[in-house]
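Subject: Structure handover

Hi there,

I'm passing this structure on to you, with my notes underneath. Have a look at it first, then read on.

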Amino acid sequence: MASMNNKKYTMKDIAKECGVSTATVSYVLNDVPRQSISAETRKSILQFAKMVGYVSSASAKALATGRTNNFGVFLPYPENSVHKHRLLWTLAEASEKAGYHLVLLTGKCLTQQVTNMDAVFAIDIPQEEFALLGDNCFAPLLYLDGQTQNDLFYCITFDAASMYRKALSLTGRTRAVLVCEDIRSLEFRHYLEDCFDGLVTPGAAALLPGDTALVGMPQALSPGGDPLPGSCSLELPYKTYAATAVDTAIRAIAREDVPGGHHIRIS
């Protein structure tokens, strides 16, 4: 191998010294998954890179700033949910606009330390899982569509009380129920139950009396293709929700005060 001296090595140099392609070096140093690279080749590249003190541009930036520009998102129960898909999509857009990459986390985040994330969003998970994630996450952790009384974290939800009032005003009904999937945070479920006259699944919504307004996404309100009587599909402010979540994460990273405190309702 070439002399180490004070030369600043590039990926191309490492590839030449290790007898592999520059792409292979990039895959190994950036830990790109699902690449057919032998353990021996991987070890050779990592050892040489360490010997010459090579630091990738992304790693150098992270070391210099303490930031990775990654937001983790843990959404283990996506189901066939229009609501969650809309929320995830707008969250990705808002993150990208702020210069961050949105990275999906697997169930390992409940048992292993979460690394390389500047902040983490947890969407619709039970409080027990949120607590486990909190034990393994040392970056700001935000609970979306969830609620906890622990002020170490931030909770962001739609304003259910505002939704209820709007539904009664739009439909002229005397009662309003929320048509939704299972709510996994018990505290959040209790909050919704306090705001609405009940929570029902899409299948049970058709059995409710005629004086009841049904609030939910279009998919939930028309499971058979036709809207249910009394249905009220509110246009929820997803972009505001996502922008607020991202802004809250950035402020938490910078240890700045967050408008609205630790429990934020989006109306």
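Below is what I found, starting with the sheet and ending with the cysteines. Please keep in mind that this is a predicted model.

**The sheet**

Six strands are the place to begin: these 6 strands build an open sheet with parallel pairing, and their order is β2-β1-β3-β4-β5-β10. Strands β2 (101–104) and β10 (263–266) each have a single partner strand, so they stand at the edges and one side of each has no neighbour in the sheet. From one strand to the next, the twist averages 25 degrees.

**Around β1**

If you want one strand to zoom in on, I'd pick β1. Of its 5 residues, 5 are buried, so to speak of it as mostly covered is fair by the buried cut-off of under 20% relative accessible area. Asn 70, Gly 72 and Phe 74 point one way from the strand, while Phe 71 and Val 73 point the other way.

On to its partners. β1 runs parallel to β2, and 4 bridges join the two; within that pairing, Val 73 has Leu 104 of β2 as its bridge partner. β1 also runs parallel to β3, again with 4 bridges, and here Phe 71 is matched with Ala 119 in β3. The connection to β2 involves a helix: β1, helix α5 (residues 82–97) and β2 form a right-handed β-α-β unit.

**The β10 edge**

At the other end of the strand order, β5 (residues 154–158) pairs with β10 in the parallel sense, over 4 bridges. In this pairing, Thr 157 of β5 sits opposite Arg 265 in β10.

**A helix across the strands**

Helix α6 (residues 127–136) lies across β1 (70–74), β3 (119–123) and β4 (141–144). Relative to β4, helix α6 runs at about 165 degrees.

**The cysteines**

How many disulfides does a search of the whole structure find? The count is 0. Why is Cys 137 not bonded to the closest cysteine sulfur? That sulfur belongs to Cys 109 and is 8.4 Å from the sulfur of Cys 137, which is too far for a bond because a disulfide needs the two sulfur atoms within 2.5 Å.

Are Cys 137 and Cys 155 buried or exposed? Cys 137 has a relative accessible area of 8%, so it is buried. Cys 155, at 3% relative accessibility, counts as buried too.

Happy to talk any of this through.

Best wishes

Technical notes:
Residues are numbered from 1 along each chain as its sequence is written. This is a predicted model: local features need pLDDT of at least 70, side-chain atom pairs count only at pLDDT 80 or more; totals for chains, interfaces and linings use all residues. Side-chain values use heavy atoms; hydrogens and water are left out. Two strands pair if DSSP finds at least two bridges between them. Axes are lines fitted to C-alpha atoms, for helices over the stretch in contact, and angles run from 0 to 180 degrees between N-to-C directions. Contact means heavy atoms within 4.5 Å. Buried means under 20% relative accessible area, exposed over 50%, partly exposed in between (1.4 Å probe, protein chains only). A crossover is right-handed if, with the strands pointing away from the viewer, the path from the first strand over the helix to the second runs clockwise.
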